[in-house]
Amino acid sequence: MLQFQCDYLQGCAPEILRRLENTNSQCFVGYGEDPVSASAIAKIRSFVGSDDADVWFVTGGTQANQLVIDAMLQPYEGVVSTTAGHVNVHESGAIEFTGHKVMTLPAHDGKMCAGELKKMMQTFYADGTYEHQVFPGMVYISHPTEYGTLYTKDELTALSQVCREYHLPLYVDGARLGYGLASRHTDVTVRDLYQLVDAFYIGGTKCGSLFGEAIVFTKNNTPRRFFTRRKQHGALLAKGWLLGIQFDELFTDGLYMKLAANAIDQAEYMKKEIAAKGYDFLLDSPTNQQFVILDNEKMHQLEKDVIFSVWEPVDETHTAVRFATSWATTKDQVDQLLALL
């Protein structure tokens with residue numbers, strides 16, 4: 001079976017596996033207080049362009065989102081997301097489990113509109129009974145979004161300005177951040193992101209590591225006792241060096257961006273060739289997730305040979321499906337998919 005279901009179907013980059021093997025017999029102090037984790041943090045600070053970046057490693061994306069959102073909010077506050085946001089749709093109520101409401105705005109190809117966010121805040125504070133309501137306390141977005149789309153620098157700047165006007169921390173889910181940064185159609189760099197948002201995470205799970213995400217706080221704004229908060233959330237790994245080793249390797253000699261670039265190269269090739277065959281797309285994604293509209297009969301035929309994500313119905317006879325490339329996708333695999341199509 002060809003696998004295009006998602007971008008975390010394989011183990012890790014060979015460089016990481018070799019590094020883990022070569023260090024397997026070594027002993028390290030626990031909880032991320034080891035020298036290799038310190039080295040990884042220094043490399044990430046260089047990557048984002050700031051010695052003041054505060055970096056924390058956790059094992060997964062939902063864990064990162066729940067931890068950051070809970071730590072940054074007051075008990076009476078909720079987090080603003082689009083209806084398509086991962087925290088709203090695909091995290092099993094992890095945010096609500098901590099006692100915080102997910103407050104939604106419409107998704108425009110997965111993205112949040114700064115004007116709609118401002119209107120939400122104006123409406124909230126214009127209501128004489130707002131003290132009786134859940135306060136919007138921070139904003140959550142993904143870059144890339146769940147639809148593979150990207151914010152432009154102007155869009156991110158507009159969101160950042162609204163957030164600052166209303167004292168809302170702006171937090172970015174970066175599960176696929178590498179693929180967003182490697183896109184040929186982006187004007188947002190990681191250093192732009194660092195300047196415009198209050199916290200984000202660099203995804204490793206979907207971008208070449210066995211597991212792991214690196215949370216980055218950007219403005220000396222790390223919530224108090226964040227080390228302890230990590231433990232409360234079950235997010236403090238005793239063998240923390242296993243995360244440190246992976247991120248230290250990812251940010252050695254540009255490996256992270258090289259891996260991301262492969263996914264983009266294969267996705268662009270796939271996109272061009274599928275379009276040439278006459279297929280339509282649900283939307284124009286500039287990253288590693290491509291949403292193709294298939295006749296339902298063709299879709300069921302394809303399921304015999306290819307594993308992919310069934311995304312959403314388009315009409316009674318057509319469905320949008322997602323083909324995702326990854327750091328490990330080969331041209332041969334894409335060619336096999338194209339032949340089946």
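Visitor: How do the residues of the lining of the largest pocket divide into nonpolar, polar and charged?

Guide: Welcome! Keep in mind that this is a predicted model. The largest pocket holds about 360 Å³ of space. Its lining counts 22 residues, and those closest to the centre are Tyr8, His86, Glu146, Arg176 and Lys206. Sorted by character, the lining of the largest pocket has five nonpolar, ten polar and seven charged residues.

Visitor: Which element supplies the largest share of the lining of the largest pocket?

Guide: Two elements each bring at least two residues to this lining: helix H3 (61-72) and strand E12 (309-313). The largest share amounts to three residues, and the element behind it is H3.

Visitor: And the second largest pocket, what volume does it have?

Guide: Let's look for the space beside Tyr31, Gly32, Trp56, Phe57 and Arg230, which of the 14 lining residues are the closest to the centre of the second largest pocket. The lining of this pocket divides into nine nonpolar, two polar and three charged residues. The volume of the second largest pocket is about 200 Å³.

Visitor: Which element gives the most to the lining of the second largest pocket?

Guide: The candidates that give two or more residues to the lining of the second largest pocket are strand E2 (54-58) and helix H10 (226-232). With four residues, the element that gives the most is E2.

Visitor: Tyr31 came up beside that pocket. Is Tyr31 buried, partly exposed or exposed?

Guide: You will find Tyr31 in the loop between helix H1 (14-22) and helix H2 (35-48). Its backbone has a positive phi, near 65 degrees, in a residue other than glycine. Buried would need under 20% relative accessible area and exposed over 50%. Tyr31 has a relative accessible area of 37%, so Tyr31 is partly exposed.

Visitor: Where else is phi positive in a residue other than glycine, with a value near 55 degrees?

Guide: Go to the loop between helix H4 (86-89) and helix H5 (94-97). The residue there is exposed, because its relative accessible area of 80% lies over the 50% cut-off. The residue with phi near 55 degrees is Ser92.

Visitor: Why is strand E5 described as largely enclosed by the rest of the structure?

Guide: E5 covers residues 135-142. A residue counts as buried when its relative accessible area is under 20%. The strand is largely enclosed because of how many of its residues are buried: eight of the eight.

Visitor: Which strand pairs with E5 in the parallel sense and includes residues 77-82?

Guide: Follow the residue opposite Phe135 of E5, and you reach Glu77. The pairing runs over four bridges, and the strand is E3.

Visitor: Which residue in E6 is the bridge partner of Tyr140?

Guide: E6 (residues 170-173) runs parallel to E5, and four bridges join the two strands. Between them in the unit comes helix H7 (residues 153-165), and E5, H7 and E6 make a right-handed β-α-β unit. The bridge partner of Tyr140 in E6 is Tyr171.

Visitor: Which two residues does a cis peptide bond join?

Guide: Look at the loop between E5 and H7, where Pro144 lies. At the bond in question, omega is about 0 degrees. The two residues joined by this cis peptide bond are His143 and Pro144.

Note on methods
Residues numbered from 1 in each chain as written. Predicted model: local features only at pLDDT ≥ 70, side-chain atom pairs only at ≥ 80, totals over all residues. Heavy atoms only, no water. Buried < 20%, exposed > 50% of the residue type's maximum accessible area, 1.4 Å probe, protein only. Pairing = 2+ DSSP bridges. Right-handed = clockwise from strand over helix to strand, strands pointing away. 1 Å grid on protein atoms, 1.4 Å probe; cavity = no way out; pocket = protein on both sides within 12 Å on 5 of 7 lines; lining within 4 Å. Points joined across faces, edges and corners; volume = space filled by probe spheres on them. Nonpolar A, V, L, I, M, F, W, Y, C, P; charged D, E, K, R; others polar.
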